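Reader: Could you please go through this structure with me? I am in my first year, so plain answers would help.

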Amino acid sequence: MTRPQIAVGLVLLALGCQKPVKPGDPLPELSRAERDRFDRGKVVFDSVFTPETGLGPLFNATGCGECHEDPAGGRGDEVEVHATAFHAPVCDPLAQEGGPVIQQHSTPALKQALGIDAEPFPPSATARAMRTSPVVFGRGLLDLVPDSVLLAYADPGDRNHDGVKGRPNRFADGRIGRFGRKAFVPTLREFNAGAFAAEMSVTSPEQPTEEDIGGKPIPAGVDPAADPEITQAQLDFADDFVRFLAPPTPLKLGQDGRHGRDLFSQLGCASCHIPTLRTGYSPVPALANREFAAYTDLLLHDMGPDLADICLGLATPADFRTEPLLDLRGAEHFLHDGRATTLEQAIELHGGEGSAARDRFKTLSAADRAALVGFLKSL
């Protein structure tokens, strides 16, 4: 048995001794005060914004819970549009033209002023990307995996000659990124505050300035709410809600599922989808020094030209962060843009650094393929 197999087995054994955590549940062992913050944050997360309370004038959703729903923190059926310009080796996020997130809806006041239903697509873009809304379970744990752990998994020179060359993305200031499909945002806090601004155009004390309209100023009179449109306390509560969402407990495996888990490692899937990670220090004991089923290395990998779309930071169009395999049993679409409708399709669409594992999967017998997929559906 390999080290990843032993590690994930021990974690799942420990989880089996606890009450199963369902999608949308808070982390076990939160204090009463932390659980109260989780509950109060869910109220903010589930809030529906209007133009009078800060929505827009451009937006993708009227609240966090519109995209991350059923339960709160889960996936939704919305598909976003992103755009950047890649002129190798430079990536331009097109902030001067409204990028990289291109909002798909406008408030009535903005439509009356400019006659637009959505933000104009940037004329300088070299690619358009579609993005589904992933679950945000377990993100507080992913936030606390030390950078040193991620760097230890990086192998940009392919020293072990397995064809897998994970590398970190980095934010504009040089910090290691880990959130978003391109792993550009370094911390969960920044990602959450940025989501209020980018998805709902709701300003906060940490992002107090409204986004523009395709690079042009917002017309006077179309944004009735004073900035910032949510308070620091509201942002803090929403951040704690996401931070304290637990990764769901994987389902108990039978013999076929355990065989599928072994195949997952043998095929090389676990080279990128690292089964378990461990957090570092946190003032919240429920988050500190916790080993958990993550199935990601949070690094960038070249997934080949067929999946390529936009760039972001150091990520080229073909580079994507390894997706954490959490709550797969609740998913109906897979990959960053939802193009795959089955797990088999998702595996077979892996290219680039995922090609070898994909090709091994294709050689499996029907029974072995079913066992591997059955294991994935337990997550």
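Reader: To begin, where is Pro-28 placed?

Author: Pro-28 sits in the loop between helix H1 (3-16) and H2. Helices here are DSSP runs of H or I with at least four residues, strands are runs of E with at least two, and both are numbered from the N terminus. Please note that this is a predicted model, in which local features need pLDDT of at least 70 and side-chain atom pairs count only at pLDDT 80 or more, while totals for chains, interfaces and linings use all residues. Residues are numbered from 1 along each chain as its sequence is written, and side-chain values use heavy atoms, with hydrogens and water left out.

Reader: Is Pro-28 buried, partly exposed or exposed?

Author: Pro-28 has 36% relative accessibility, so it counts as partly exposed. Buried means under 20% relative accessible area, exposed means over 50%, and partly exposed lies in between (1.4 Å probe, protein chains only).

Reader: What does Pro-28 touch, not counting residues up to four places away in sequence?

Author: Pro-28 touches Val-21, Ala-246 and Ala-286, where contact means heavy atoms within 4.5 Å. Pro-28 and Pro-248 are 220 residues apart in sequence, but 11 Å apart in space, C-alpha to C-alpha.

Reader: Changing topic, which residues touch the most other members of the largest nonpolar core?

Author: They are Leu-27 and Phe-196, in a core of 46 residues. A nonpolar core is a set of buried Ala, Val, Leu, Ile, Met, Phe, Trp, Tyr and Cys residues joined through side-chain atoms within 4.5 Å. Helix H2 (32-45), helix H5 (139-143), H7 and H8 each supply at least two residues of this core. The largest share comes from H8, with five residues.

Reader: And what is Phe-196 in contact with?

Author: Leaving aside neighbours within four places in sequence, Phe-196 is in contact with eight residues' worth of surroundings that include Val-44, Phe-49, Cys-64, Ile-230 and Leu-235.Reader: How do H7 and H8 pack?

Author: Helix H7 (residues 188-200) and helix H8 (residues 232-243) pack at an angle of about 120 degrees, and their axes are 10 Å apart. Axes are lines fitted to C-alpha atoms, for helices over the stretch in contact, and angles run from 0 to 180 degrees between N-to-C directions. The two helices, H7 and H8, are therefore oblique to each other. Angles under 35 degrees count as roughly parallel, over 145 as roughly antiparallel, 65 to 115 as roughly perpendicular and the rest as oblique.

Reader: Which residues of H7 and H8 meet?

Author: On the H7 side they include Leu-188, Ala-193 and Phe-196, and on the H8 side they include Leu-235, Ala-238 and Val-242.

Reader: Where are the cis peptide bonds at Pro-100 and Pro-228?

Author: One joins Gly-99 and Pro-100, with omega about 0 degrees, and Pro-100 lies in the loop between strand S3 (90-92) and strand S4 (101-102). The other runs from Asp-227 to Pro-228, with omega near -5 degrees, and Pro-228 lies in the loop between H7 and H8.

Reader: Is Asp-158 buried or exposed?

Author: Asp-158 is buried, with a relative accessible area of 12%. Asp-158 has a positive phi of about 50 degrees although it is not a glycine. Asp-70 also has a positive phi of about 50 degrees, but Asp-70 counts as exposed at 74% relative accessibility.
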